[in-house]
Structures are given as C-alpha cells and as structure tokens.
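Got a minute to go through a fold together? Have a look at the chain below, and then we can talk it over.

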Amino acid sequence: MKAMWNDTVLADGDDTVVVEGNHYFPAASLRREHFRESDHHSVCPWKGTASYFDVVVGDAVNAQAAWYYPQPKQAAAQIAGRVAFWKGVRVVD
C-alpha cells in the first residue's frame, strides 16, 4: 500500500491496519521529509486523543492531513505507532 499526495509517495508498506475505512501505516513507513508536526488535536471517544501532521510536498502544504494516536485507548491498541491520512491523500495498492 502507498499513501500519495501531489504525485508523491508519503508512506509505503504492506503492513497497514484498517480501522473505520482508514489505512493506518506503521510510523517507520513514513517518508519523514514530507511531515511537519501540527498543534491540532481531536478526540475520539473510543480511540483517544489524536495528534496531526501537516503534509508538505515542495511548496504545497496539506494542513492536518495525517493523524495518529500517541496513546490510543485499549480498544484501539492495534493503531499504536501508526499514521492515517485524509484530505485528498490517496491510499493505493
């Protein structure tokens, strides 16, 4: 699986976990040069508090387009250490 935005591979790996239709990639599969920490957070009642990355490709920024749960609740333990995408980031085989 690959996560892509603006014709650029952001993450690449076969070990994704699908939760609520979103592929969570292992953090080690990210191409870190395309990620910048965001100060945005959100709360899911069963997964916990999510933190976000802005996705950066060249001069283009896709704000808060990737998220992860630094300390997921027990019900979401399978996504610990993983990152998911939205806002136009495509996940392809």
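What follows is a set of questions and answers on this predicted model, going from sheets to cores to salt bridges.

Q: In the open sheet of six strands, which strands stand at the edges?
A: Start with the order, which is β3-β4-β8-β7-β6-β5 with antiparallel pairing. An edge strand has a single partner, so one side of it is left without a neighbour in the sheet. The two that fit are β3 (17–19) and β5.

Q: And how much does that sheet twist from one strand to the next, on average?
A: This is the open sheet of six strands, with antiparallel pairing. From one strand to the next, its twist averages 35°.

Q: What about the open sheet of three strands: what is its order?
A: Its pairing is antiparallel. β2 (8–12) and β9 (90–92) each have a single partner strand, so they stand at the edges. Neighbouring strands here are turned by 30° against each other on average, ignoring direction. Read across, the order is β2-β1-β9.

Q: In β9, which residue is the bridge partner of Met4?
A: β1 (residues 2–5) and β9 run antiparallel and are joined by three bridges. Met4 has its bridge partner in β9, and that partner is Arg90.

Q: Over how many bridges do β5 and β6 pair?
A: A hairpin of three residues links β5 to β6. One facing pair is Phe35, which stands opposite Val55 in β6. The strands pair in the antiparallel sense, and the bridge count is seven.

Q: Which residue takes a positive phi in the hairpin of β6 and β7?
A: β6 and β7 are antiparallel and pair over six bridges; Val56, for one, has Val61 in β7 as its bridge partner. The hairpin has two residues between the strands. The positive phi, near 65°, belongs to Gly58.

Q: Is β6 mostly covered or mostly open, and how many of its ten residues are buried?
A: Buried means under 20% relative accessible area. Asp54 lies in β6, and at 10% relative accessible area it is buried. Counting along the strand, which is mostly covered, the number of buried residues is nine.

Q: Which residues have the most contacts inside the largest nonpolar core?
A: In soluble globular proteins, nonpolar side chains tend to be buried together. In this model, the largest such core has 17 residues, with β1, β2, β6, β7 (60–68) and β8 each giving two or more. The residues with the most contacts inside it are Leu10, Phe35, Val55 and Phe85.

Q: How many residues are in the other core, the one that lies apart?
A: Phe85, from the largest core, touches residues including Ala3, Leu10, Phe35 and Trp67. Trp67 is among the members of the other core, together with Cys44, Ala50 and Tyr69. That core's residue count is eleven.

Q: How many residues apart in sequence are the parts tied together by Arg82 and Asp15?
A: Side chains of opposite charge can pair when their charged atoms come close. Arg82 and Asp15 form a salt bridge, with their closest N and O atoms 3.0 Å apart. Arg82 lies in strand β8 and Asp15 in the loop between β2 and β3, so the parts they tie together are apart in sequence by 67 residues.

Q: Which residue's backbone oxygen lies 3.2 Å from a polar atom of the side chain of Arg82?
A: Arg82 is buried, at a relative accessible area of 12%. Its contacts outside its sequence neighbourhood include Asp15, Tyr24, Phe25 and Trp67. The backbone oxygen at 3.2 Å belongs to Tyr24.

Q: Glu20 and Lys47 meet in a salt bridge, but which of them counts as buried?
A: Their N to O separation is 2.7 Å. Glu20 is in the loop between β3 and β4 (22–26) and Lys47 in the loop between β5 and β6, so parts 27 residues apart in sequence are tied together. Glu20, at 55% relative accessibility, counts as exposed. The one that counts as buried, at 4%, is Lys47.

Q: Which residue forms a salt bridge with Asp54?
A: The search of the whole structure finds three salt bridges. In this one, the closest N and O atoms are 3.3 Å apart. The partner is partly exposed, with a relative accessible area of 41%, and lies in strand β5. That partner is Arg36.

Notes
Residues are numbered from 1 along each chain as its sequence is written. This is a predicted model: local features need pLDDT of at least 70, side-chain atom pairs count only at pLDDT 80 or more; totals for chains, interfaces and linings use all residues. Side-chain values use heavy atoms; hydrogens and water are left out. Buried means under 20% relative accessible area, exposed over 50%, partly exposed in between (1.4 Å probe, protein chains only). A polar contact is a pair of N or O atoms within 3.5 Å; within protein, one must be able to donate a hydrogen and the other to accept it, and residues adjacent in sequence count only if both atoms are side-chain atoms. Contact means heavy atoms within 4.5 Å. Two strands pair if DSSP finds at least two bridges between them. Helices (H or I, at least four residues) and strands (E, at least two) are DSSP runs, numbered from the N terminus. Axes are lines fitted to C-alpha atoms, for helices over the stretch in contact, and angles run from 0 to 180 degrees between N-to-C directions. A nonpolar core is a set of buried Ala, Val, Leu, Ile, Met, Phe, Trp, Tyr and Cys residues joined through side-chain atoms within 4.5 Å. A salt bridge is a side-chain nitrogen of Lys or Arg within 4 Å of a carboxyl oxygen of Asp or Glu. Lists of a residue's contacts leave out its neighbours within four places in sequence.
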